[in-house]
Amino acid sequence: MPSSAPSRAPEPGTPAPAPDAAASESGSASESGSGSPAGLRRVATASFIGTAIEFYDYYIYGTAAALVLNEAFFPDLSETAGTLATLSTFAVGFAARPLGAAVFGHFGDRVGRKAVLVVSLLMMGLSTGLIGLLPGYDTLGVAAPVLLVVLRLVQGLGLGGEWGGAALLAVEHAPKGKRGLYAAAPQMGSPVGYFAATCTFLLMSSVLSDEAFGNWGWRIPFLVSFVLVAVGLVIRLRISETPAFAKVTAERETAKAPLLEAFRVHPKEMLLGAGMITVVYVMFYTAATYCMTYTTGELGIPKNDMLMLTLVAVVVLGLSTFLVARWSDRVGRRRLIIAGAAFGVVWGAVLFPLLDTENHVLIAIALSGALLCMGIIYGPAGAYLPELFGTRMRYSGAGFSYNLGGVLGGAAAPLIVTALAENYSPVVGGWFMSGMALLSLLCVLALPETGRRDLDAI
């Protein structure tokens, strides 16, 4: 693989690596099962399961933020102010994600993909479980929301390192011509994690009274994370390192400062990649967080009804993510992402008018359309972002770009839409969503197609 810096010569007295060192590394990986069909299935499963667990952790916070956390941690604020305060703690997690991507990406590009994914899973799962144990404002006073913010920061750091490593685990193990299909594994973790989070909350709110759910029932989905993280660790500890990283290690070509190298070698891809993925966050977190608050609060739709309608939309997200990711191996990533962003420009403008009908079928269509837009882009993005960067800085470049887009779309969007809806109307918030989709469309138009690239050649 070409390198921007020459390989270091062996130190005196140190045996030189054999000419087939890379092949030896690759061979050992194959012997461990990573190159066999069973090994590839294990890698895909590890990539999917770990990401599903981590996104479950993240999404239960988003659902709880929309439903109960304002009362548990900000009871002295008005309903609107409490919602904004809770969404602000949601945004804190996003603000920490680029830092997590930088730290985990650095070690992922220097030490390996597998080791850092184990650490990210632990950080994410344990912080989520501890939120379920955290006393509320009535018990701890102002210390309660402060500790909530701290745990959200740890959550954000963990998830910031998760996606890049999980995507690379799948992409760098994938057979030729099937990177889009294999990259669908970590991408499917998002809808499955959200589906599981929504089902858990639906179960709790169905079997408990509103008072019991608000007092302690909302904590159970968080506590389940302790069990899930144990399952995820068992699966992730059984996988091997990726062949692409093993080759870089064998040739002593790991980057000293991979994130700085990514900005130096691929500045366009870093910034435009972040802009391209922004609409995914805008559509998802507005639909999953603010729309839940808006429909159950302003429109008075029962909480369980909205959870059921959300499940319909998540199924649409899962199907579109998998099918479009697989399709991208045949028609290319860029073309499909362009189509998804263009669809988002239109759907942002019609989302709130559909919600305002208060018709359950039209609400399901409104939410499904937003998540369909996400799925069309999110599916191919699992392979597209890693393909933009060389192996030496791929974890740092793809992970940081992805999470920088999260700050723009996931942290800011629900807050901005809430403020626009409060000061003007929800329709204006929808126009903001269309504007962000247009931004993503312009960014992907300025990026190249990557589906036929040789990952070892960049």
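**Exercise 1.** In this predicted model, determine which parts of the chain are joined by the salt bridge between Arg179 and Glu387, and whether the two residues are buried or exposed.

*Solution.* Begin with the geometry: the side chains of Arg179 and Glu387 meet in a salt bridge, with an N to O distance of 2.8 Å. Next, place each partner in its element; Arg179 belongs to helix α8 (residues 179–207) and Glu387 to helix α16 (residues 360–387), so the pair ties together parts that are 208 residues apart in sequence. Finally, consider accessibility, where both Arg179 and Glu387 turn out to be buried.

**Exercise 2.** Identify the salt bridge that Arg333 forms, and state how far apart the partners are along the chain.

*Solution.* The partner of Arg333 is Glu387, and their closest N and O atoms are 2.7 Å apart. This pair links distant parts of the chain, since Arg333 lies in helix α15 (residues 333–355) and Glu387 in helix α16, 54 residues apart. Arg333 and Glu387 are both buried. Taken with the first exercise, Glu387 is thus a salt-bridge partner of Arg179 and also of Arg333.

**Exercise 3.** Examine the salt bridge between Lys303 and Asp210, and assign each residue to an accessibility class.

*Solution.* The closest N and O atoms of Lys303 and Asp210 are 4.0 Å apart. Lys303 is in helix α14 (residues 303–331) and Asp210 in helix α9 (residues 210–215), so parts that are 93 residues apart in sequence are tied together by this pair. To classify the residues, recall that exposed means over 50% relative accessible area and buried under 20%, with partly exposed in between. Lys303, with a relative accessible area of 22%, is therefore partly exposed, whereas Asp210, at 62%, counts as exposed.

**Exercise 4.** State how many salt bridges the whole structure contains, and which residues are linked in a network of them.

*Solution.* A search of the whole structure finds nine salt bridges. The network links Asp109, Arg113, Glu172 and Arg394.

**Exercise 5.** Describe the largest nonpolar core, and the surroundings of Met276.

*Solution.* The largest nonpolar core has 106 residues, and those with the most contacts inside it are Phe73, Trp218, Met276, Phe284, Phe352 and Leu355. Helix α13 (residues 267–297) provides the largest share of this core, namely 16 residues. Leaving aside neighbours within four places in sequence, the residues in contact with Met276 include Ile337, Ile377, Tyr384 and Leu447. A second, separate core of nine residues includes Val43, Ala46, Phe104 and Tyr395.

Conventions:
Residues are numbered from 1 along each chain as its sequence is written. This is a predicted model: local features need pLDDT of at least 70, side-chain atom pairs count only at pLDDT 80 or more; totals for chains, interfaces and linings use all residues. Side-chain values use heavy atoms; hydrogens and water are left out. Helices (H or I, at least four residues) and strands (E, at least two) are DSSP runs, numbered from the N terminus. Buried means under 20% relative accessible area, exposed over 50%, partly exposed in between (1.4 Å probe, protein chains only). A nonpolar core is a set of buried Ala, Val, Leu, Ile, Met, Phe, Trp, Tyr and Cys residues joined through side-chain atoms within 4.5 Å. Contact means heavy atoms within 4.5 Å.
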